[in-house]
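Trainee: Could you walk me through a helix and some aromatic contacts here? I'd like to see the reasoning behind each answer.

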Amino acid sequence: MRTLPIYVDPVPAETVSGYIGRIAQTHCLEVGEIRRMLIREVGRSTWSESDPRIALALARLCGLPDDAFEVSFEDHGMWTRCGHPRWKPQKCPRCRTLAEPRTACLECAGGLATTTRARTGPLCLRHGRWTLRGLDIKVSVGASARRAEDTLRGPLWERGIALHTGEYNLATAAVLAWSQGSDGDTFLEERAQRLGLPAPTMFEEVMLCGYPEVVRVVEVAMSPRILRGVLQVSRSALPQIDGFANVIANALGATVNERLRDWAGAVIGHAHRAVLYAAGLRRTTSAKNALCPQDRALIVASGTQRACLLRHVSPRILDGLMRGHTEGTSRLSVTRRYPLEPDELGLP
């Protein structure tokens, strides 16, 4: 197979489809033409980006090393909770989970749109460019924004928290609830005005205008220590709601308002119901009385009930809960592939 004449340097952890799109633009070709070339080269009848032969053929077509599209699991792998390391947050070498593809920095990609699975957030520290979903904008990288990006890439990533896992959606909903319940303009509206944007209402807009605060909420309010206190279903939920709202307000450097307290009440109520659901899970769908192990039950419930907080709480929270059986859990191979969806109370 001949090599295409124009060399295009891949960005870190770039996806095959993203690179094909850039190659097509550079050579004034259709994406379908390049796909057909690769399919013929590997002897397939249909397109499959996950086929390693496709990635190898693409690398050779573009004059790249054979491993150009092999994402380094050591550098970019996600920490997950699965049955292999006993449901502890680790980089499982058997699952080899990577982040969901997201839009890469336009300047890093040479001005052509592409996607990446790299261990990064929406802020490119090299070019000062914000890229998340449909928002692509140049921003000033202050100390607080740099610290937030480093926290996302560092300790939060190592807790299995990334842009696609739901925790940031929940935190942005908390920040938006507090902002909408405050008297007068808050930092969200003020920063949006400076950027020439309307008042934030969507996930990507709140992330852009409140990035340091959102990351701080995730870091503090969703820590195992805090959640151990607010997800004790055997105790009254009222002080837990007040405590959770206070933790969020302190992370924002503000005071609790009624809108934030109502939101915290809805989140705690939803999480409590998910904990009770987890306590009654059976080991399998065919088991009548055998309960699911506690750590696995929490992970299963966090996915099926869309309650991401359960991924960060100790299994001991289920001790002593005597509840009727709820459902049976799927096989481990199915459980590991549960999609990570934002909570119903998080911004979509």
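Mentor: Happy to, and let's begin with a term: a residue is buried when its relative accessible area is under 20%, and exposed when that is over 50%. Keep in mind that this is a predicted model.

Trainee: Which residues of α5 are buried?

Mentor: We apply that cut-off of under 20% to the helix. The residues of α5 that count as buried are Ala145, Ala148, Glu149, Thr151, Leu152, Gly154 and Leu156.

Trainee: What do the buried residues of α5 pack against?

Mentor: Here contact means heavy atoms within 4.5 Å. The partners of these buried residues are β3 (123-124), α6 (167-180) and α9 (211-221).

Trainee: How far apart are the end C-alpha atoms of α5, against the span it should have?

Mentor: Helix α5 has 14 residues, 143-156, and at 1.5 Å a residue it should span 20 Å. There is also a bend of about 30° at Asp150. The expected span agrees with the distance between the end C-alpha atoms, which is 18 Å.

Trainee: How many aromatic pairs are there?

Mentor: Ring centres must lie within 6.5 Å to pair. By that rule the count is four.

Trainee: What kind of aromatic pair do Trp130 and Tyr211 form?

Mentor: Their centres are 4.9 Å apart, with 80° between the planes. The pair links distant parts of the chain, with Trp130 in strand β4 and Tyr211 in helix α9, 81 residues apart. Planes over 60 degrees apart set the class, and this pair is edge-to-face.

Conventions
Residues are numbered from 1 along each chain as its sequence is written. This is a predicted model: local features need pLDDT of at least 70, side-chain atom pairs count only at pLDDT 80 or more; totals for chains, interfaces and linings use all residues. Side-chain values use heavy atoms; hydrogens and water are left out. Helices (H or I, at least four residues) and strands (E, at least two) are DSSP runs, numbered from the N terminus. The expected span of a helix is 1.5 Å times one less than its number of residues. The bend at a residue is the angle between axes fitted to the seven residues ending there and the seven starting there. Buried means under 20% relative accessible area, exposed over 50%, partly exposed in between (1.4 Å probe, protein chains only). Rings of Phe, Tyr and Trp (its six-membered ring) pair if their centres lie within 6.5 Å; planes under 30 degrees apart count as stacked, over 60 as edge-to-face and the rest as tilted.
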